Amino acid sequence: GGASVPPPPAKLEKLRDAGKLPVLESGVPKVIHQTWPSRDTSGVAAHYRKWSASWGACHPDWLHVLWDDCDIRRLFAKHLPDFLPVYDAYPNPVQRADIFRCLVLKEYGGLYADMDYECTGGVDGPTGLNPPQDSPQGACKVFIVNSPDPEHDGVLQNAFMASVPEHPYWTAVFDLAVERRSTLSGRIWGEIPIQNTGPGLVSDAYTMLPEGEVKTAVCGLNNTEFSGQALGQAPNAIHRNAGSWCACRFPAINWACWKKCKEKKKTYVPSMYRDLTRYKRSIDKGEKLSDKDQATWDQYGHLFQSYYDKYGEFEDI
């Protein structure tokens, strides 16, 4: 059983070329892009298929496209052939998947979501991809979820990104990707992919932009609404963070999952839990938090408290 596989990009290309691709008021096309190595998804775990199908359920009037590896290489050959030697030289599949999402948003616009992202409430509301045009966010043309771990990933996370087509931010991303193309490590999950093609790339491309119209148009989405990765729930979309990055080192992330990891002798504790546990202990003692720590507590504390009440404290933090 399970949901049907989203169509390949041919329909998207026809609609775009005919000028018939529907768009939000923000200018973001109503297209959801996802990728998997092949169109044969029979071996894909049921939870991935469920999460992918959630996008069609949330947004039935959007075009949902699944790009496979062959589609992606054709995309580069057609729209960015000078980058193909860099693309082909990446040693790790995750790097090609990373850089694909930047090109597909540059060329077609729309929303890119990882296969372990689940739509829980919809993303085209006023705090999401369709802000009121007369609001401060009305100038936003590129939307990228804020990173739950900025010290590790940078300020933005590339698992959930949306854009109008041909925004100049993506040119800056590819310029930086060319600068960072040399890879000295074959480690699949090391720091190199994060900085060469992953969240570090999109974050640094943003922070390096000069102040002005282009930078103002790149907007971070609140990760309590559009990621939930730190605490396992979110009202609009949630990053389940499922398995392609070691599931126990980066759990999906909730306390029950962490406790299962601990049973397997995996002792990594997500840094967010360490920090929030420390903040709660300080608050319980009547101690004042720093402004930065207080801001983090203000954002996550209520969700943390609900998990704390349900699962108790991590004894060894």
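The protein chain of this predicted model contains 14 helices and eight strands. Of the 317 residues in the protein chain, 50% are buried. If one considers the contacts in the protein chain between residues at least 6 apart in sequence, 72% of them join residues at least 24 apart.

A convenient place to begin is strand S6, residues 156-163. Eight of the eight residues of S6 are buried, so this strand is largely enclosed by the rest of the structure. S6 pairs with S3 in the antiparallel sense over four bridges, and within that pairing Ala113 has Phe160 of S6 as its bridge partner. S6 also pairs with strand S5, residues 142-146, again in the antiparallel sense and over four bridges, with Val142 standing opposite Ser163 of S6.

The chain then passes through the loop between strand S6 and helix H7 (168-179), where His167 is found. Is His167 buried or exposed? Its relative accessible area is 8%, and because the cut-off for a buried residue is under 20%, His167 counts as buried. Once neighbours within four places in sequence are left aside, His167 is in contact with Lys141, Val142, Val214 and Ala217; Val142 is thus both a contact of His167 and the residue opposite Ser163 in S6.

Helix H7 itself has 12 residues, which at 1.5 Å a residue should span 16 Å, and the 17 Å between its end C-alpha atoms agrees with that expectation. The residues Tyr169, Trp170, Val173, Phe174, Leu176 and Ala177 of H7 are buried, and because they cover an arc of only 160 degrees around the axis, they are placed on the same side of H7. One of these buried residues, Phe174, also belongs to an aromatic cluster that it forms with Phe76, Phe83, Tyr87 and Tyr90.

Helix H2, residues 46-58, can be read in a similar way. For its 13 residues the expected span at 1.5 Å a residue is 18 Å, and its end C-alpha atoms are 18 Å apart, which agrees. Which residues of H2 are buried? They are Tyr48, Trp51, Ser52, Ser54 and Trp55, and, seen down the axis of H2, they fall within an arc of 135 degrees, so they line one face of the helix. The face turned away from this buried side carries the exposed residues Ala46, Lys50 and Ala57. What covers the buried residues of H2 includes strands S1 (31-35), S2, S3, S4 (117-119), S6 and S8 (237-239), and S3 and S6 are the two strands already described as an antiparallel pair.

The aromatic rings give a further view of how separate parts of the chain are brought together. The count comes to 14 aromatic pairs, among them the pair of Trp67 and Tyr108, which is tilted, with 5.9 Å from centre to centre and 50 degrees between the planes. Trp67 lies in strand S2 (residues 63-67), whereas Tyr108 lies in the loop between helix H5 (93-107) and strand S3 (110-113), so the pair ties together parts that are 41 residues apart in sequence. Both Trp67 and Tyr108 are buried. A ring also takes part in an arrangement with a charge: the charged end of Lys215 sits over the ring of Tyr206, 5.2 Å from its centre.

Key:
Residues are numbered from 1 along each chain as its sequence is written. This is a predicted model: local features need pLDDT of at least 70, side-chain atom pairs count only at pLDDT 80 or more; totals for chains, interfaces and linings use all residues. Side-chain values use heavy atoms; hydrogens and water are left out. Buried means under 20% relative accessible area, exposed over 50%, partly exposed in between (1.4 Å probe, protein chains only). Contact means heavy atoms within 4.5 Å. Rings of Phe, Tyr and Trp (its six-membered ring) pair if their centres lie within 6.5 Å; planes under 30 degrees apart count as stacked, over 60 as edge-to-face and the rest as tilted. A charge sits over a ring if NZ of Lys or CZ of Arg is within 6 Å of the ring centre and within 35 degrees of the ring normal. The expected span of a helix is 1.5 Å times one less than its number of residues. The arc is that of the directions from the helix axis to the C-beta atoms. Two strands pair if DSSP finds at least two bridges between them.
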